[in-house]
Amino acid sequence: MVYKWIKKLQPVLFPSTCRLCRAAGLPGLELCPTCRAELPWIAHSCTRCAIPLPRDIGITICFNCINTQPSLDSCTALFEYRPPIDRWIQDVKFAQDLATAHLLGELLAGKTAVDSQERPAIVLPVPLHRKRLSERGYNQALEIARSLSEKGYQLDPTCCRRHKATSAQSDLPAGARKGNVRNAFSVSGPLQGRRVLLIDDVMTTGATLNELARTLKKAGAERVEARVIARTGHKKR
Ligand SMILES: [Zn+2]
Ligand SMILES: [Zn+2]
């Protein structure tokens with residue numbers, strides 16, 4: 001009860017300031033309305049893999065997804081991977097900047113449906129292998145997802161684990177990423193007939209999210225969706 005009151009009074013007692021232009025921020029957000037609107041939001045994208053699509057061609061699924069039938073049922077990315085979003089994601093990942101993780105989580109929560117009918121049963125931040133977790137000290141996907149749990153979503157970071165220590169996907173050419181994460185995850189919680197929402201910071205080819213979705217569906221999950229902060233283009237290196 002007391003915590004709820006403190007939470008309600010916080011924006012009044014400590015009004016936020018925009019981290020980009022120092023103007024007054026929106027309630028509980030370190031951004032002013034103008035800077036928020038000017039972030040590189042993705043307006044129209046493939047519903048299965050979140051790759052940006054030109055708005056005027058009237059398609060909702062890209063040719064790559066029509067041909068490959070990904071395991072993910074749907075995927076949404078908030079932003080293109082460019083300034084200031086790319087820098088913020090790097091800060092969260094490599095500079096222990098948890099304030100920025102909170103900001104990204106708030107932006108994600110602001111764009112995620114609040115309709116209880118639409119809610120997934122489980123929100124699962126993409127797990128890190130324990131070796132990577134001990135090096136970094138935290139899972140950036142979990143830190144971003146915390147804002148969803150404040151909105152009443154059921155966060156369950158323990159129903160699945162990453163048991164294979166894979167190379168960083170960003171170090172590999174596109175063709176090797178699928179093989180790198182094959183059988184990397186195992187499920188440890190009951191998933192029969194459940195809807196799962198995966199959360200991650202950045203998506204490039206989607207190999208990690210699709211392998212996780214494949215594993216969850218094999219364990220009985222009915223539907224697997226994903227929300228990521230940023231989407232890069234397909235890199236053919
Ligand atoms: Zn601003
Ligand atoms: Zn697609």
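C35 is buried, at a relative accessible area of 12%. In this predicted model, C35 is one of the protein donors of the zinc ion (ligand 1). A second zinc ion (ligand 2) has C46, C49, C62 and C65 as its protein donors. Helices α4 and α5 pack against each other, with their axes 8 Å apart. The backbone includes a cis peptide bond between P83 and P84.

**Zinc ion (ligand 1)**

- The protein donors are the SG atoms of C18, C21, C32 and C35, lying 2.3 Å from the zinc ion (ligand 1).
- Angles among the 4 donor atoms run from 102 to 116°, and the site is tetrahedral.
- For four tetrahedral donors, the ideal angle at a metal is 109.5 degrees.
- Along the chain, the donors of the zinc ion (ligand 1) are spaced C-x2-C-x10-C-x2-C.
- C21 sits in the loop between α1 (2-13) and α2, and C35 sits in helix α2, so this pair ties together parts 14 residues apart in sequence.
- C21 counts as partly exposed because its relative accessibility is 39%, whereas C35, at 12%, is buried.

**Zinc ion (ligand 2)**

- The SG atoms of C46, C49, C62 and C65 are the protein donors here, lying 2.3 Å from the zinc ion (ligand 2).
- The arrangement is tetrahedral because the 4 donor atoms subtend angles of 103 to 116°.
- The donor residues of the zinc ion (ligand 2) follow the spacing C-x2-C-x12-C-x2-C in sequence.
- C46 and C65 link distant parts of the chain, 19 residues apart: C46 is in the loop between α2 (33-37) and α3 (63-68), and C65 is in helix α3.
- C46 has 0% relative accessibility and therefore counts as buried.
- C65 also counts as buried, because its relative accessibility is 3%.

**Loop between α2 and α3**

- S45 lies in the loop between α2 and α3.
- With 17% relative accessibility, S45 is buried, because the cut-off is under 20%.
- Leaving aside residues up to four places away in sequence, S45 touches A50, I51, P52, L53 and T60.
- A50 is found in the loop between α2 and α3.
- A50 is not a glycine, yet its phi is positive, at about 65°.
- A50 counts as buried, at 0% relative accessibility.

**Packing of α4 and α5**

- Helix α4 covers residues 85-94 and helix α5 covers residues 98-110.
- The two helices pack at an angle of about 130°, with their axes 8 Å apart.
- α4 and α5 are therefore oblique to each other, since angles over 145 degrees would be needed for roughly antiparallel.
- The crossing of α4 past α5 is left-handed.
- On the α4 side, the contact residues are W88, I89 and V92.
- On the α5 side, the contact residues are T100, A101, L103 and L104.

**Other backbone features**

- Most peptide bonds are trans, and most residues other than glycine have a negative phi.
- The peptide bond joining P83 and P84 is cis, with omega about -5°.
- P84 has its place in the loop between β1 (74-80) and α4.
- Q96 has a positive phi of about 50°, although Q96 is not a glycine.
- Q96 lies in the loop between α4 and α5.

Notes
Residues are numbered from 1 along each chain as its sequence is written. Chains are lettered from A and ligands numbered from 1 in the order in which they are written. This is a predicted model: local features need pLDDT of at least 70, side-chain atom pairs count only at pLDDT 80 or more; totals for chains, interfaces and linings use all residues. Side-chain values use heavy atoms; hydrogens and water are left out. Donors are N, O and S atoms within 2.8 Å of the metal (3.2 Å for Na, K and Ca); water is not among the atoms, so sites may look incomplete. Four donors count as tetrahedral if all angles lie between 85 and 135 degrees; four count as square planar and six as octahedral if opposite donors are over 155 degrees apart and all others between 65 and 115; anything else is irregular. Helices (H or I, at least four residues) and strands (E, at least two) are DSSP runs, numbered from the N terminus. Buried means under 20% relative accessible area, exposed over 50%, partly exposed in between (1.4 Å probe, protein chains only). Axes are lines fitted to C-alpha atoms, for helices over the stretch in contact, and angles run from 0 to 180 degrees between N-to-C directions. Angles under 35 degrees count as roughly parallel, over 145 as roughly antiparallel, 65 to 115 as roughly perpendicular and the rest as oblique. A crossing is left-handed if the near helix is turned anticlockwise from the far one by less than a right angle, and right-handed if clockwise. Contact means heavy atoms within 4.5 Å.
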